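Here's a quick walk through one protein model, written for someone who likes to poke at coordinates. Have the viewer open as you read.

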Amino acid sequence: MALPVPVPEFGDYDSMQKRRLVRFLVPYNKPFYFMDRGHQLGGTYEFGIAFEHFLNKKIKSKSLRMRVAFIPTPRDELVSGLLEGKGDIDYFAPVVADAE
């Protein structure tokens, strides 16, 4: 059984608020986002949950809560995924290469 592929969606904060979902495109690696025994972990995950709490405090509605979904994406496909409507936020921390 395969999970359904989400339909690409574009829009601004108002459209995210209508569907009550913010989709984070995240690179799958230990410092940023990873799964351990079925639990989501990493700096990006912690930031996303804090962002979700911030949004829900701003809305002040117990029944219409915003959610954050984390979509693991290869690092080289983060920007293209954002442009194709696969996510709303591209959480990317640039890698600084040695100048040598």
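## Starting in the middle: β1 and its partners

Let's begin with one pairing: L25 has D90 in β5 as its bridge partner. Keep in mind that this is a predicted model. The β1–β5 pairing is parallel and runs over 2 bridges.

On the β4 side, β1 (residues 21-26) also pairs in the parallel sense, this time over 6 bridges. Two spots to click on there: F24 has F70 in β4 as its bridge partner, and L25 stands opposite I71 of β4. So what order do the strands take in the sheet? The order is β4-β1-β5, an open sheet of 3 strands with parallel pairing. That leaves β4 (67-72) and β5 (89-90) as the edge strands, each paired on one side only.

## What covers the sheet

Helix α2, spanning residues 43-59, packs on the sheet and touches β1, β4 and β5. Its direction makes about 155° with that of β4.

Is β1 mostly covered or mostly open? Mostly covered: 6 of its 6 residues are buried. Both faces are involved, with L21, R23 and L25 buried on one side and V22, F24 and V26 buried on the other. If you're scanning that list for a charged side chain, R23 is one of the buried residues.

## The pocket

The largest pocket has a volume of about 170 Å³. Its lining counts 13 residues, and the closest to the pocket centre are L25, I71, P72, T73 and K86. L25 and I71 are the pair already met above, standing opposite each other across β1 and β4.

Which elements supply at least two residues each of this lining? Both β4 and α3 (78-83) do.

## Zooming out

Across the whole protein there are 3 helices and 5 strands. Reading from the N terminus, the elements go α-β-β-β-α-β-α-β.

Now for some totals. Of the 100 residues, 30% count as buried. The accessible surface comes to about 7400 Å², and 61% of that belongs to carbon and sulfur atoms. As for contacts between residues at least 6 apart in sequence, 62% join residues at least 24 apart. The parallel pairing of β1 with β4 is one place to look at with that in mind.

Conventions. Residues are numbered from 1 along each chain as its sequence is written. This is a predicted model: local features need pLDDT of at least 70, side-chain atom pairs count only at pLDDT 80 or more; totals for chains, interfaces and linings use all residues. Side-chain values use heavy atoms; hydrogens and water are left out. Two strands pair if DSSP finds at least two bridges between them. Helices (H or I, at least four residues) and strands (E, at least two) are DSSP runs, numbered from the N terminus. Contact means heavy atoms within 4.5 Å. Axes are lines fitted to C-alpha atoms, for helices over the stretch in contact, and angles run from 0 to 180 degrees between N-to-C directions. Buried means under 20% relative accessible area, exposed over 50%, partly exposed in between (1.4 Å probe, protein chains only). Accessible areas come from the Shrake-Rupley method with a 1.4 Å probe; for residues, only the protein chains shown count as cover. On a 1 Å grid over the protein atoms alone, a cavity is a set of points where a 1.4 Å probe fits but cannot get out, and a pocket is an open set with protein on both sides within 12 Å along at least five of seven lines; lining residues have an atom within 4 Å of a point. Grid points are joined across faces, edges and corners, and a volume is the space filled by probe spheres set on the points.
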